[in-house]
Amino acid sequence: MSWENFKENYIEFDALKFAIDLSRVGFPKGYVEEAAPMLAKAFDAMAELEKGAIANPDENRMVGHYWLRAPQLAPTAELAAEISGTTDRIEAFAKKVHAGEIRGSAGAFRNLLCIGIGGSALGPQFVASALGMPGKDKLKVYFLDNTDADGFDAVFAELEGRLGETLCVVTSKSGSTPEPRNAMIETEARYKAAGLDFAKHAVAVTGVGSQLDKTAVAQGFIERFPMWDWVGGRTSETAAVGLLPAALQGLDIRGLLAGAAAMDAQTRSRDARANPAALLALAWYFLTDGKGTKDMVILPYKDRLLLFARYLQQLIMESLGKEKDLAGNVVNQGISVYGNKGSTDQHAYIQQLREGVPNFFATFIEVLRDRAGTSVEVDPGVRAGDYLEGFLLGTREALTEKGRASVTLTVEDVTPGSVGALIALFERAVGFYATFIGINAYHQPGVEAGKKAAAGILKLQVRIVEFLKAHAPEKFTAEALAEKLELENRTELVFKICQHLAASPSCAVSRQVAIPAHCSTFNYNQ
């Protein structure tokens, strides 16, 4: 890479302590300037969105996550007051918990159990990992972010004998989403078995009037905080969804909001070269031909940013992965995202990135400061953090040598402000890119389709168990069972459901294994 190319495509934003380097993207000369009409359309759409336009037409909703860190921009004074008031309430609640004024049955709360799924877990997990410090955090944080019974057991094993000093935050917009609902039911059972009242240890983050909200009122949860329909799960880290767990952990939520607000302010610029989110979205558009033809590999060189790729997977893939554009045309858009951390993963997949299929571009995230204190030398004049920087720069050079494109984002340190800024940067880049390609970034019909399919399978499971129970101890193959239930076109599903039931100790279904496997029989044990 030439110095002249670097000078033209490396831009620092001093006030943000942030820089973006596009020198290894390969923009043709004048590309940014030629994209002015496309950028202007994206700037206009974003401005309308922030003013309260219906930016999610499929669900007829406003999209207001930017107001969360700038309430004064909300379309009504009432909404602005509600946003500010919620943040104030979160801080006040966390202070009372930390002071022991709000306490559990065994005394002051020492642990925090967060129950949620998707955006109600990925953002809080990322921030907890990025900014937390064992031994210094006000509360030790645990997560139930799935409906995996074995996963529940692993977490509750760590909390054995400590539920009375564990505060539970249940997050679900509707309260009916299966994963958090199931986790809450399991958690309630654990508290009951320990002779404790779950409600006296629980807080709800949910939509007003939702199923969870009604439960929280009826059972007497300690507190409730709102989820608004104009904030999607994947953009809710600066709402109560993310701020409450962070505040309870003892993190600086005002710093997080300030960092996000500062990045928001910078990315409202209509000058593309002064707008890092516009430049990032433009790089995505150029590198993927505006059609997602290449994957995005996230490579943060910092242990604290380990979960950033997981967080970005939902933000980017759920937002941009769409079958149809706004005009109803089938376009099958999206950008696949994967990654972990450097330099660990140089020993995993850098070999392929450099010499294998060139179906990706890399996004390096560079953190300039090694640690808060001084470091010992591991070689003369060289410290461990110098090696990490060397691996980042060396890997970038190795990829460039083979014509692999990359973007590099640089922050001075991992702080509440820089984490907030990174979140805001990618949120707005997603919004800009969505306008470039003409899709709705703020709905998720594919997710809803998966939920509906799962619900149908669970209903089928109930039918299967009821039939086997009614005909016990008679044995049936999957084919015979499907025929009896008039489900011949779903025989595979019948087999898989029975296979699962037979392997579960709490179910009363047995399997008599045969070869070939599809000839196995199943029956209900009286």
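In the predicted model, L113 of strand 5 has Y142 as its bridge partner in strand 6. A further bridge to strand 6 joins N111 with K140. In total, strand 5, which spans residues 111-115, pairs with strand 6 over 5 bridges, and the pairing is parallel. Strand 7 is also a partner of strand 5: the two run parallel and are joined by 5 bridges. N111 takes part here as well, with T166 as its bridge partner in strand 7.

These pairings belong to an open sheet of 5 strands, in which the strand order is 6-5-7-8-9 and the pairing is parallel. The edges of the sheet are formed by strand 6 (140-144) and strand 9 (223-226). Each of these has a single partner strand, so one side of each lacks a neighbour in the sheet. From one strand to the next, the twist averages 20 degrees. Helix 4, residues 77-99, packs on this sheet and touches strand 7 (166-171), strand 8 (202-206) and strand 9. The direction of helix 4 makes about 150 degrees with that of strand 9.

Strand 5 was examined further for burial. Of its 5 residues, 5 are buried, so strand 5 is largely enclosed by the rest of the structure. In a regular strand, side chains alternate between the two faces of the sheet. Both faces of strand 5 are covered, with N111, L113 and I115 buried on one side and L112 and C114 buried on the other. The connection from strand 5 to strand 6 passes through helix 5 (residues 119-131), and this β-α-β crossover is right-handed.

Helix 16 lies elsewhere in the sequence, at residues 445-470. Helix 16 contains 26 residues and spans 38 Å from its first C-alpha to its last, close to the 38 Å expected at 1.5 Å a residue. Buried residues in helix 16 are L460, I464, F467 and L468. An α-helix has 3.6 residues a turn, so residues three or four places apart point the same way. The buried residues of helix 16 are covered by elements that include two helices, helix 17 (478-484) and helix 18 (491-503). Strands also contribute to this cover, among them strand 16 (476-477), strand 17 (509-512) and strand 18 (521-524).

Note on methods: Residues numbered from 1 in each chain as written. Predicted model: local features only at pLDDT ≥ 70, side-chain atom pairs only at ≥ 80, totals over all residues. Heavy atoms only, no water. Pairing = 2+ DSSP bridges. Helix = DSSP H or I, 4+ residues; strand = E, 2+ residues; numbered from the N terminus. Axes fitted to C-alpha atoms, helices over the stretch in contact; angles between N-to-C directions. Contact = heavy atoms within 4.5 Å. Buried < 20%, exposed > 50% of the residue type's maximum accessible area, 1.4 Å probe, protein only. Right-handed = clockwise from strand over helix to strand, strands pointing away. Expected span 1.5 Å × (residues − 1).
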